[in-house]
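Trainee: Could we go through the labels used for this model and see where they come from?
Mentor: Happy to; let's take them one by one.

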Amino acid sequence: MKSLIPVVMSGIIAVYGLVVAVLISQALSPTNNLSLYTSFMHLAAGLSVGLTGIAAGYTIGIVGDAGVRAYMQQSRVYVGMILILIFGEVLGLYGLIVGLILNSKS
């Protein structure tokens with residue numbers, strides 16, 4: 001069960017993208033003409049969440065793979081693995097915060 005932590009953490013990154021996608025889609029409608037500024041702010045919000053999600057997912061994948069393999073050999077590695085996984089998750093959280101700020105400016 002302890003080895004499932006990296007998988008769950010990578011799933012949380014996908015939820016960040018889903019939240020921003022729902023917020024952006026609420027601003028869109030067929031009758032609403034968006035300004036160029038608003039469109040670029042939505043693009044920037046999506047890119048900030050997406051690119052930081054890629055970085056966080058890559059980090060969680062590499063650390064999760066190495067950490068689970070090391071945990072099977074030495075159980076003391078677990079706390080260090082979790083700490084590094086949290087640091088990787090924070091990358092995606094920073095992107096979500098920036099995306100929410102950008103979306104509120106549009």
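Trainee: Why does histidine 42 count as buried?
Mentor: Keep in mind that this is a predicted model. Histidine 42 has a relative accessibility of 7%, and buried means under 20%, so histidine 42 counts as buried. This residue lies in helix α2, residues 36-73.

Trainee: Which residues is histidine 42 in contact with, leaving aside its neighbours within four places in sequence?
Mentor: Those are Ile24, Ala27, Leu34, Asn103 and Ser106.

Trainee: What makes the pairing of the histidine 42 and asparagine 103 side chains a polar contact?
Mentor: The distance is 3.4 Å, and the cut-off for such a pair of N or O atoms is within 3.5 Å.

Trainee: And isoleucine 54, is that buried or exposed?
Mentor: Exposed: its relative accessibility is 58%, and the label applies over 50%. Isoleucine 54 is also found in helix α2. Its C-alpha atom is separated by 8.8 Å from that of isoleucine 13, 41 residues apart along the chain.

Trainee: Why is α1 called roughly antiparallel to α2?
Mentor: The axes of α1, residues 5-27, and α2 cross at roughly 175° and come within 8 Å. Angles over 145 degrees count as roughly antiparallel, so the label fits this pair.

Trainee: Which residues meet there, and how do they divide by class?
Mentor: On the α1 side they include Ile13, Ile24 and Ala27, and on the α2 side His42, Val49 and Ile60 are among them. By class, the contact of α1 with α2 has twelve nonpolar, six polar and no charged residues.

Key: Residues numbered from 1 in each chain as written. Predicted model: local features only at pLDDT ≥ 70, side-chain atom pairs only at ≥ 80, totals over all residues. Heavy atoms only, no water. Helix = DSSP H or I, 4+ residues; strand = E, 2+ residues; numbered from the N terminus. Buried < 20%, exposed > 50% of the residue type's maximum accessible area, 1.4 Å probe, protein only. Polar contact = N/O pair within 3.5 Å; in protein donor to acceptor, adjacent residues only side chain to side chain. Contact = heavy atoms within 4.5 Å. Axes fitted to C-alpha atoms, helices over the stretch in contact; angles between N-to-C directions. Parallel < 35°, antiparallel > 145°, perpendicular 65-115°, else oblique. Nonpolar A, V, L, I, M, F, W, Y, C, P; charged D, E, K, R; others polar.
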